[in-house]
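Me: Please take a close look at one part of this model. I would like one helix, its surroundings and the aromatic residues around it.

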Amino acid sequence: MPYKISNVVEPGTFARREQPSLPAPGGLVLRPWSPDDAGVVYEAFQDPVLQRWHARVADTEDEAREWIEGWRADWAEERSAHWAVAGAESGQVVGRVALREIDLADGQAEAAYWTRPRFRGRGVAPRAVAALAAWALDVVGLHRLELTHATANEASCRVALKTGFVPEGTKRSAVLHEDGWHDMHLHARIAP
């Protein structure tokens, strides 16, 4: 049975091209992950603060390398898109930003991010999320980006608000973390 409404973004929009590097304000660049970045991913996931808000942990650099390979495959399958956030001049990885749960037909995805501990408090996450959102909405043509975070994660709430993700409500008992079920704030940003 045919649909009466066309896809918001056509399938193949990601898969038929190489993942781009995207400039971000303040001397940052969003670039595709490389297997050489496995040590950085492993180190980031040893941080107790990052572990508190994530359900996964990397036990070895080899496991982190497998994640990176999975992220690269996800681009080709149009499931998700992950970038290393790095200094444009130094190339040093300072964090991660991603589009998860990509639904091209409905023009939606979920923004996700983290920042390495020693780079927190410098505006890395807001600058990276803003650059990613602008690309996803203005260049790719997605219509809606969602961003969720545990209600107790005040730093993530500040990132969402700084980057134009409007609060829409609370998803009760929505995500299971190591310490139990967390209520999640839902924010969204809509294409202009």
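Reply: Here is a walk through helix H3, the loop after it and the aromatic residues around it.

This is a predicted model, where local features need pLDDT of at least 70, side-chain atom pairs count only at pLDDT 80 or more, and totals for chains, interfaces and linings use all residues. Residues are numbered from 1 along each chain as its sequence is written, and side-chain values use heavy atoms, with hydrogens and water left out.

**The helix.** Helices (H or I, at least four residues) and strands (E, at least two) are DSSP runs, numbered from the N terminus. H3 has 17 residues and reaches 24 Å from its first C-alpha to its last. That is close to the 24 Å expected at 1.5 Å a residue (the expected span is 1.5 Å times one less than the number of residues).

The buried residues of H3 are Ala64, Trp67, Ile68, Trp71, Asp74 and Trp75. Buried means under 20% relative accessible area, exposed over 50%, and partly exposed in between, with a 1.4 Å probe and protein chains only. The buried residues cover an arc of only 115° around the axis, which puts them on the same side of H3. The arc is that of the directions from the helix axis to the C-beta atoms. On the other side of H3, Asp62, Glu66 and Glu77 are exposed. The cover over the buried residues includes H1, E3, strand E4 (93–103) and H4.

**The aromatic residues.** Rings of Phe, Tyr and Trp (its six-membered ring) pair if their centres lie within 6.5 Å; planes under 30 degrees apart count as stacked, over 60 as edge-to-face and the rest as tilted. By this rule there are ten aromatic pairs. In one of them, the ring centres of phenylalanine 45 and tryptophan 67 are 4.9 Å apart and the planes stand at 85°, so the pair is edge-to-face. This pair links distant parts of the chain, 22 residues apart. Phenylalanine 45 is in the loop between helix H1 (38–44) and helix H2 (48–53), while tryptophan 67 is in H3 (residues 61–77). Both phenylalanine 45 and tryptophan 67 are buried.

Phenylalanine 45 also pairs with tryptophan 114: centres 5.8 Å apart, planes at 85°, so again edge-to-face. Tryptophan 114 lies in strand E5 (residues 108–115), so this pair ties together parts that are 69 residues apart in sequence. Phenylalanine 45 has 4% relative accessibility. Tryptophan 114 has 5% and also counts as buried.

Trp33, Phe45, Trp67, Trp71 and Trp114 form one aromatic cluster. Tryptophan 71 has a charge over its ring: the charged end of arginine 96 sits 5.6 Å from the ring centre. The rule asks for NZ of Lys or CZ of Arg within 6 Å of the ring centre and within 35 degrees of the ring normal.

**The end of the helix.** Just after H3, glutamate 78 takes a positive phi of about 60°. Glutamate 78 belongs to the loop between H3 and strand E3 (81–87). Its relative accessible area is 14%, so glutamate 78 is buried. Leaving aside neighbours within four places in sequence, glutamate 78 is in contact (heavy atoms within 4.5 Å) with Pro11, Gly12, Thr13, Phe14, Ala15, Ile102 and Leu104.

Two backbone nitrogens lie by polar atoms of the glutamate 78 side chain. That of threonine 13 is 3.0 Å from a polar atom there. That of phenylalanine 14 is 2.8 Å from one.

Key:
Polar contact = N/O pair within 3.5 Å; in protein donor to acceptor, adjacent residues only side chain to side chain.
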